[in-house]
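Welcome to the tour! Open your viewer, get ready to select things one by one, and follow along.

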Protein chains: 2
Amino acid sequence: MTDTRTTTPLDETDRLLIEAVQRDSRASLAELGKAIHLGTSATRSRLRSLEERGVITGHTARVSAAALGYTLHAVVRMKVHGALYDRVADVLGRHPQIVRCLRVTGESCYHFEILATDMADLERITSDLARIGSITTDLVYEVVADRPSPATR
Amino acid sequence: MTDTRTTTPLDETDRLLIEAVQRDSRASLAELGKAIHLGTSATRSRLRSLEERGVITGHTARVSAAALGYTLHAVVRMKVHGALYDRVADVLGRHPQIVRCLRVTGESCYHFEILATDMADLERITSDLARIGSITTDLVYEVVADRPSPATR
DNA sequence: GCCGTACGCCGCAAAATCTGCGGCAGACTG
DNA sequence: CAGTCTGCCGCAGATTTTGCGGCGTACGGC
C-alpha cells in the first residue's frame, strides 16, 4: 500500500541526496554531504527525515542472482481464474524465489519475476501459479537495465 | 554481461551475510557480524570479498516512486521490428524513467518497466519505444512484492 | 609423523565516522 | 520589533572502521 500522506515536498537538495544514497547506500554521511553541499549533521537529519516520511524505504545490497546459483530467470504473466485473487499472497509466501510481483491492467492480471536453479525448480513454482490462473512463461536472456528511479528532473 | 569466473563457492556464512546486508545495507560491521557470528574484521573481509567477486554488485537505497512524484507505473512488452535491436540502448539512454529492461524469449523480445509523472509523460516514452517495435502497455495497480533474491537454501 | 604454507579469524590501536546537543542566522508572524 | 520556528553548523564523546600482527587449524610434501 502506498502512503499518500501529504508531507513537505522534496526540494532539490533532498533529490540530490536521494540520488547519492541510491548510488551508494554505504557511503558515509560526510561523503553524502559532499554531494549535497551540507555538513554531516544536516545530511543526517535530511536522511532521517526522508526515511521517516517513507520516501526512502530501506537500504539494501544489490546481489547477482547468477552468483547465488540461479541459472534461470523467468517472467510469468498470469490471468487469475475466477475468484482466486487471494491465493496470490499464499503463493508468494510459499516461494521466496518469486522476487517481484506486480498487479496490472490488461490481459494478464499479474506479472511475476522468478529466479530458479534449474528447469525442475522453475516448474515447481510455475505449476503452483498455474493452479490459480493461466500463465505465460518467458525466460530472461539478459537484464539489460535495472536502475534506480530518477530523483532529479 | 554476467561474470562467469569460477571462484570459491559461497558458504553458509556468506549467504547469511548476504541476507543481512540485503535487509539493511547501512548496518554497521558489528551488526552484520552478529548475524553471522563473526567479529568485525572477519565480517569486513567477507563483505569485501563478496563485492570483489561480483556477488554483491552495490549498495542502494530503496525509494518510493510515488514519493518522487511518479503517479504512473507501466509494464511494456515489445517485439522489435526488423534489425532495430541496437536502438534499444539508445532509448534507454534517452529515458532514465525506464527503470528496468529485460531481454526475453517468447512473443515479446523485451520487457520494460517505466515510471511516469502523468499520461503525457508516459506517452512520450512509449511512443519512442513504438518507433522500434510493436508494444503492449499495461499499467501497474500495485507492486505486490519486490524482494531480494533468497540467498539461503 | 612432521614441517611449511595458506587461510580465516581475532583483537588491538589509530583514524574516521556517527550522534546528540547547543548555538546561530534567516524567515515568518503578530 | 520581539518572538518563534526552521535548518544548518560545529563541537565533543561514543561508536565504527581500518590496517595489521598474531594465532590456530587444515592441507600438502617429504
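Which residues does Ala145(A) touch, not counting residues up to four places away in sequence? Select Ala145(A) and show what surrounds it: you should find Leu92(B), Val99(B), Arg100(B) and Cys101(B) in contact with Ala145(A). Keep in mind as you look that this is a predicted model.

Stay on this residue for a moment. Ala145(A) sits in strand 5 of chain A, which covers residues 133–146. With a relative accessible area of 9%, Ala145(A) is buried, because buried means under 20%. Now add Leu115(A) to your selection: it is 30 residues from Ala145(A) along the chain, and the two C-alpha atoms are 17 Å apart.

Next, colour chain A and chain B separately. Turning chain B by 180 degrees, with 0.0 Å of shift along the axis, superposes it on chain A with an RMSD of 0.0 Å. That is how a two-fold axis relates two copies. Both copies use the same surface, as 100% of the contact residues of chain B recur in chain A.

Now select DNA strand D. Among the residues around it are Arg26(A), Gly39(A), Leu29(B) and Arg44(B). Of the strand D atoms that come within 4 Å of the protein, 74% belong to sugar and phosphate.

Zoom in on three side chains here:

- Ser41(A) has a side-chain N or O atom 2.5 Å from a base oxygen of the strand.
- Arg46(A) has a side-chain N or O atom 2.7 Å from a phosphate oxygen.
- Ser41(B) places a polar side-chain atom 3.5 Å from a base oxygen.

Finish by highlighting helix 3 of chain A, which gives the most to the surface near DNA strand D, with three residues.

Terms used:
Residues numbered from 1 in each chain as written. Chains lettered and ligands numbered in written order. Predicted model: local features only at pLDDT ≥ 70, side-chain atom pairs only at ≥ 80, totals over all residues. Heavy atoms only, no water. Helix = DSSP H or I, 4+ residues; strand = E, 2+ residues; numbered from the N terminus. Buried < 20%, exposed > 50% of the residue type's maximum accessible area, 1.4 Å probe, protein only. Contact = heavy atoms within 4.5 Å. Least-squares fit on C-alpha atoms with pLDDT ≥ 70 in both. Near = heavy atom within 4 Å. Polar contact = N/O pair within 3.5 Å; in protein donor to acceptor, adjacent residues only side chain to side chain.
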